[in-house]
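Me: I'm new to this one. Could you pick a single part and take me through it slowly?

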Amino acid sequence: MTGTVATLVARTLAELGVGHVFGVVGSGNFHLVNALVACGVPFTAARHENGAATMADAFARTSGQVAVVTTHQGCGLTNATTGIGEAAKSRTPLVVLTADTQAAAVHSNFRIDQDGLARSVGAVAERVHSPASAAADTARAYRLARNDRRTVVLSVPLDVQAAPAPGHAPVPALPDPPRPRPHDDDAARLAGLLASARRPVFVAGRGARGARAELVALAERCGALLATSAVAKGLFAGEAFDLGISGGFSAPLTAELIRGADLVVGWGCALNMWTTRHGRLLGPEAAVVQVDLEEQALGAHRDPDRPLALGVVGDCALTARDVLARLEGTTAPSSSWRTPELAARLAREGRWRDVAHEDLSTSERIDPRVLSRALDEILPAERVVAVDSGNFMGYPSQYLDVPDERGFCFTQAFQSVGLGLATAIGAALAQPHRLPVLGTGDGGFLMGVAELETAVRLRLPLVCVVYDDAAYGAEVHHFAGPGAPEVPLDTVVFPDTDLAAVGRGFGAEGVVVRTPEDLEAVRAWVAGPRERPLVVDAKIASDGGSWWLAEAFRGH
């Protein structure tokens, strides 16, 4: 296929700098994938298109590079739609390179409205229109993904793929992504708010990744405490005044301090219902500021009766730097937060693992808090943690520490169960120097289990921790919680499954954990060669509904 449009599209993506390609190869994308591989782009074959899309999403999040997922036309694209929707809702820079039917193939079984499908889940629909425009069309899709942080579905019709490429089709040069500085007046107003605040808190989101140094310096100058949204966990790891995650996952002390803030500044953070507990985590008298690259994001999740005190359009790092420059040489801000006493209290009780609880363990089932605390001690600190969705998800999110913001991958914008295993694989390939760790429920693990073969084939040292309650625990606890009417739960409760045996059937190692003593097998695996994934089938005791679950269902 040398000299075809398929080759030109692949060469364009390779020269523009895509980091990795994931996909399931069918007849429609066969030549596209082979051309990408020939251009030197690493390719990982997944077992399902949804797994491939989620791997690409996770790779982009944890590497900082644009990734590609490639699919067959029609059904290949529909199989990937949930993963594409997750990436689109998360503003992941991702190119979905998909085949499409020829315009004349009106009766093809594969024919669907691919552009309409892409737009329906929040992605941008682009296509390669002709051989003459192929390089420009491909570069436009890549630029939208990289510079605008969008998930772009690039359809390449089969007849266009097979057509001869133009003789001279140079790859268009792309400008670097814009990094807008804040307006001088906005920087001055934010500096004034910080100077007068006595209890400021910074909440950094995914848009603040890469701005740690600037935000830490500004927080030190104005006496602010530091927190993150869930997707940015680890951004302030190691800081004495790091509160951890703001929102439904928050530890009691974190929630107490954020509620007591008189100024909350969201840096690249939507301050949505998850991060603010539907607004109840923010004190009624707290002034709220948002800093974001896009004006339409400012105040998007605020109650109209409680508007922002200030919205700043600007790059987080540049904004923090400009505000700090305005504070230098002025009277020290009046914050009373940063005291040795508070630092000691945060060190003593700032994490969920430090909060006392009744041990619910039995001889047959282990308390998920006991399990998670022990795993945090057993597993190497240099890790990348991926989390599936379900009642269990607060435990790996809060009990398993990570070294920085690239050590945590949280694909929860679509709230889909079953993305965790693929998330862990994509994150593992993006961070090969770290031990990949998955926290998942039995429902999510079985939903995406086909990708365990991918992890085994790649010889990933992946620890799959399955919080196994033999149920869709979120639904069980939501519909059978305290005060709820008695309802049948047969539809969300299942027979116990030996998931360790399932793992061994795929070629992984597997261990069933019912007591802390059973975790010695995990310790032995960590000490060993780690040549195959490890499935930890942890039979967990019922927690009656995890602490964050009620908050989650407020949004349903």
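**Two helices side by side**

Reply: Let's look at how helix 3 and helix 5 sit together: they are roughly parallel to each other, because the angle between them falls under the 35 degrees used as the cut-off. Keep in mind that this is a predicted model.

In general, two packed helices are described by the angle between their axes and the distance between the axes. Here, helix 3 covers residues 49-63 and helix 5 covers residues 81-89. Their axes come within 7 Å and cross at roughly 20°.

Now for the residues where they touch. On the helix 3 side you'll find N50, A53, T54, D57 and R61. Across from them, helix 5 brings T82, G83, I84, E86 and A87 to the meeting.

Two of those helix 3 residues, D57 and R61, deserve a second look. They are joined by a salt bridge, with 2.7 Å between the closest N and O atoms. R61 and D57 are 4 residues apart in helix 3, which means about one helical turn separates them. Both are buried, too.

If you'd like something to set beside that pair, try R127 and D100, whose side chains also meet in a salt bridge, at 2.8 Å from N to O. This one links distant parts of the chain: R127 belongs to strand 5 (residues 124-127) and D100 to strand 4 (residues 94-100), with the two 27 residues apart. R127 and D100 are both buried as well. In total, the structure holds 34 salt bridges.

Definitions and conventions: Residues are numbered from 1 along each chain as its sequence is written. This is a predicted model: local features need pLDDT of at least 70, side-chain atom pairs count only at pLDDT 80 or more; totals for chains, interfaces and linings use all residues. Side-chain values use heavy atoms; hydrogens and water are left out. Axes are lines fitted to C-alpha atoms, for helices over the stretch in contact, and angles run from 0 to 180 degrees between N-to-C directions. Angles under 35 degrees count as roughly parallel, over 145 as roughly antiparallel, 65 to 115 as roughly perpendicular and the rest as oblique. Contact means heavy atoms within 4.5 Å. A salt bridge is a side-chain nitrogen of Lys or Arg within 4 Å of a carboxyl oxygen of Asp or Glu. Buried means under 20% relative accessible area, exposed over 50%, partly exposed in between (1.4 Å probe, protein chains only).
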